[in-house]
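Got your viewer open? Keep the selection box handy and we'll walk through this one stop by stop.

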Amino acid sequence: MRIEEVKKSQRKKGRFLIRLEDGDILRVTEDELLRFGLRTGLELDGETLEAVRASVKSSSAKAAAANMIGSRALSKRELTRRLILKGNDESDAQAAADWLEDIGAVDDAGYAAALARHYGGKGYGPARVREELRRRGVDRSLWDGALEEMPEAAEILDGLIRKKCRGELSDPKEKKRVSDGLLRRGFAWSDIRAAMGRYTEMMEDGYD
């Protein structure tokens, strides 16, 4: 296959457009240009052309992965899934995610800890955070360490009950309303019950 033209991309720095005699366009990096010796008029045999195409797919997946991570933090599994949904081969997507992990751009432990701090700060409990970590593809081995980054459940619950309680918790309906809301936020019933006990004692002592 003959290369008809080689020119710099006007849109992406460090990219070159290779136009083949069949009209196909390959978007290669400067490294690929030099590594394969690509130039106008070069005849590419089948093996070399396949090697160039494979390299282009790999570098394209890496560029897409870097752009995704640059926009927002993602777990390695989330990143891999998104790359595949964008049309990248699973092997190229996994290799791109591995590459970003190797250079420290993807850090699942740090990502998990940041999620736990974020949701804990918004008043959510451990169960809700675990569900969020699962949904985002964070490995279970990292969950316990991440949950240690959260404020204590008692601290969060005390603040939430003071904010949400509209009356005496001796009223069964009010108690159920508050407790149901806290359960939905991911707190354990034992922690909710203890927090309600502290709130009731505080009210009895004349504090608000």
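Which residue in S3 does Leu17 stand opposite? Select Leu17 and look across to S3: the residue facing Leu17 is Arg27. Before going further, keep in mind that this is a predicted model.

**Stop 1: the sheet**

Now widen the selection to strand S2 (residues 15-20) and strand S3 (residues 25-29). S2 and S3 run antiparallel and are joined by 5 bridges. Follow the chain from one strand to the other and you pass through a hairpin with 4 residues between the strands, where Gly23 takes a positive phi near 95°.

Next, add strand S1 (residues 3-8), which also runs antiparallel to S2, again with 5 bridges. Click on two pairs here. Ile3 stands opposite Leu20 in S2, and Lys8 has Phe16 as its bridge partner in S2. S1 and S2 make a hairpin too, this one with 6 residues between the strands. Pick out Gly14 in its turn: the phi there is positive, about 80°.

With S1, S2 and S3 all shown, you have an open sheet of 3 strands in the order S1-S2-S3, paired antiparallel. Why do S1 and S3 each have one side without a neighbour in the sheet? They stand at the edges and each has a single partner strand, so nothing in the sheet lies beside that other side. Try looking along the sheet as well: neighbouring strands are turned by 25° against each other on average, ignoring direction.

**Stop 2: the helix on the sheet**

Keep the strands on and show helix H2 (residues 46-71). H2 packs on the sheet and touches S2 and S3. Compare directions and you'll find that H2 makes about 65° with S3.

**Stop 3: two helices crossing**

Hide the sheet and select helix H3 (residues 76-85) and helix H4 (residues 90-102). Their axes come within 9 Å and cross at roughly 145°, and the crossing is right-handed. Show side chains for the contact: on H3, take Lys76, Leu79, Thr80, Leu83 and Ile84. On H4, the residues to pick are Glu90, Ala93, Gln94, Ala96, Ala97, Asp98, Leu100 and Glu101. Colour them by type and this contact divides into 7 nonpolar, 2 polar and 4 charged residues.

**Stop 4: a charge and a ring**

Last selection: Tyr124 and Arg185. What sits over the ring of Tyr124? That's the charged end of Arg185, 4.7 Å from the ring centre. If you feel like hunting on your own after this, the structure also holds 1 aromatic pair.

Key:
Residues numbered from 1 in each chain as written. Predicted model: local features only at pLDDT ≥ 70, side-chain atom pairs only at ≥ 80, totals over all residues. Heavy atoms only, no water. Axes fitted to C-alpha atoms, helices over the stretch in contact; angles between N-to-C directions. Left-handed = near helix turned anticlockwise from the far one by under 90°. Contact = heavy atoms within 4.5 Å. Nonpolar A, V, L, I, M, F, W, Y, C, P; charged D, E, K, R; others polar. Phe/Tyr/Trp six-rings, centres within 6.5 Å; stacked < 30°, edge-to-face > 60°. Lys NZ or Arg CZ within 6 Å of the ring centre and 35° of its normal. Pairing = 2+ DSSP bridges.
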